[in-house]
Amino acid sequence: MAGIRFESVTKRFDDVVAVDDLTLDIADGELLVLLGPSGCGKSTALRLIAGLEAPDEGLVLIDGDVVNDIAAKDRDVAMVFQSYALYPHMTVRRNISFPLKPLGVDRRDRDQRAEIAAAQLGLSDLLDRKPGQLSGGQRQRVALARALVRDPRAFLMDEPLSNLDAKLRAETRAELVELQRRLRTTLVFVTHDQVEAMTMADRIAIMVEGSLQQVGTPDEIYDRPANLFVARFIGSPPMNTWTASVTRNGDRGLAVDGAAVAIAEPERLAGLEAEVVVGARPEDTSLAVDGIPAISTHVESLGHERLVTCEHDDGRRIVVRLEAHQPYPVTGETVHLALDPAAIALFDPSTGERLP
């Protein structure tokens, strides 16, 4: 096992800055998820750890040692790719044991270690099959076993579940978490899927355009997003946001589209300018007799809950999460929205950063 550290790391591809001044500590034995939209730099960051790319600036450290000039094969990390990259002419046993051959491990020991890794991933009955005889989920497990057999200091995984169907993806991510906990090894997992991130990670590092936006536990990032990008990226549906006016009639307050919005700690508004961005999660947004006006445009029934999509006059969309038994509006109905005063987040409209 090993801790991993980025110290002011920058990586450029011609005029594109793929990773921009990244400083990040990944603890020994931690499952850290690098999360962000396509092109945000998360896969490049993973490749910098693996040695498949070299930083233009800064340091990459593994277990306290600078590895900038150490070849990928000598870093003692194992990487699992989205494509699995199995050898079609080899059996599962040979695919799993293949990384041990260049290390000088004799064939008997290679086979024994392959069988142990296969057993950990439920592949013992498939050792003599070839990849073409396996399902997508089984091939993905073979790729994991091939990484596991080396007993590396850290596992690096680049969207390894994206080729699986929804049911198998959910099952496999739970098995991955259980395996990582059992092995107590460091795992850096790249994904653009926030559900994977929220359900798997000890901590999540969110990136956009090469820059780190926030690092924290899933609960910390969901409950206290550092900026508007994180607020609108995390959550399904994401956080609702409005531009609000700071009122000064008596006690300070907020107004959205002419409707008064209560806030649990009005002192948070002290010193703010005339406008602020207000955020509330769909579960903290409710239908009310009076409140922010909108039009109901769509209702999704998910069995245990309903998602009501509403639209303002300017085209902005808001989602309200209702329990299945709660009444809901019909399409085209005028509704009014209320926000939980204790759950309101405030953001600077010019910088997008969260306000205290």
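**Entry 1: cysteines.** I began with disulfides in this predicted model, taking sulfur pairs within 2.5 Å, and my count came to zero. I then looked up two cysteines. Cys40 has a relative accessibility of 1%, so I noted it as buried, the cut-off being under 20%. Cys310 has a relative accessible area of 0% and is buried too.

**Entry 2: a sheet.** Next I traced an open sheet of five strands. Reading across, I wrote down the order β15-β19-β16-β17-β18, with antiparallel pairing. Which strands are at the edges? They are β15 (285–288) and β18 (317–323), and each of them pairs on one side only. From one strand to the next, I found that the twist averages 50 degrees.

I stayed with one pair in this sheet. Strand β17 covers residues 305–311 and runs antiparallel to β18, with seven bridges joining the two. If you want a place to start looking, try Glu311, which stands opposite Arg317 in β18.

**Entry 3: two helices.** As a reminder to myself, two packed helices are described by the angle between their axes and the distance between the axes. I looked up helix α4 (residues 136–148) and helix α5 (residues 166–183): their axes come within 11 Å and cross at roughly 15 degrees. Because angles under 35 degrees count as roughly parallel, α4 is roughly parallel to α5. The crossing of α4 past α5 is right-handed.

Which residues meet here? On the α4 side I listed Gly137, Gln140, Arg141, Leu144 and Leu148. On the α5 side they meet Leu168, Thr172, Glu175, Leu176 and Leu183.

**Entry 4: backbone oddities.** Most residues other than glycine have a negative phi, and most peptide bonds are trans. With that in mind, I went looking for exceptions.

The peptide bond from Ser236 to Pro237 is cis, with omega near 0 degrees. I found Pro237 in the loop between α8 (228–233) and β11 (240–247).

Asp14 is not a glycine, yet its phi is positive, near 55 degrees. Asp14 sits in the loop between β1 (4–13) and β2 (16–26).

Glu159 also has a positive phi, about 45 degrees, although it is not a glycine. I placed Glu159 in the loop between β7 (154–158) and α5, the helix from my third entry.

Is each of these two buried or exposed? Asp14 has a relative accessible area of 77%, so it is exposed, the cut-off being over 50%. Glu159 has a relative accessible area of 13%, so I noted it as buried.

Technical notes. Residues are numbered from 1 along each chain as its sequence is written. This is a predicted model: local features need pLDDT of at least 70, side-chain atom pairs count only at pLDDT 80 or more; totals for chains, interfaces and linings use all residues. Side-chain values use heavy atoms; hydrogens and water are left out. Buried means under 20% relative accessible area, exposed over 50%, partly exposed in between (1.4 Å probe, protein chains only). Two strands pair if DSSP finds at least two bridges between them. Helices (H or I, at least four residues) and strands (E, at least two) are DSSP runs, numbered from the N terminus. Axes are lines fitted to C-alpha atoms, for helices over the stretch in contact, and angles run from 0 to 180 degrees between N-to-C directions. Angles under 35 degrees count as roughly parallel, over 145 as roughly antiparallel, 65 to 115 as roughly perpendicular and the rest as oblique. A crossing is left-handed if the near helix is turned anticlockwise from the far one by less than a right angle, and right-handed if clockwise. Contact means heavy atoms within 4.5 Å.
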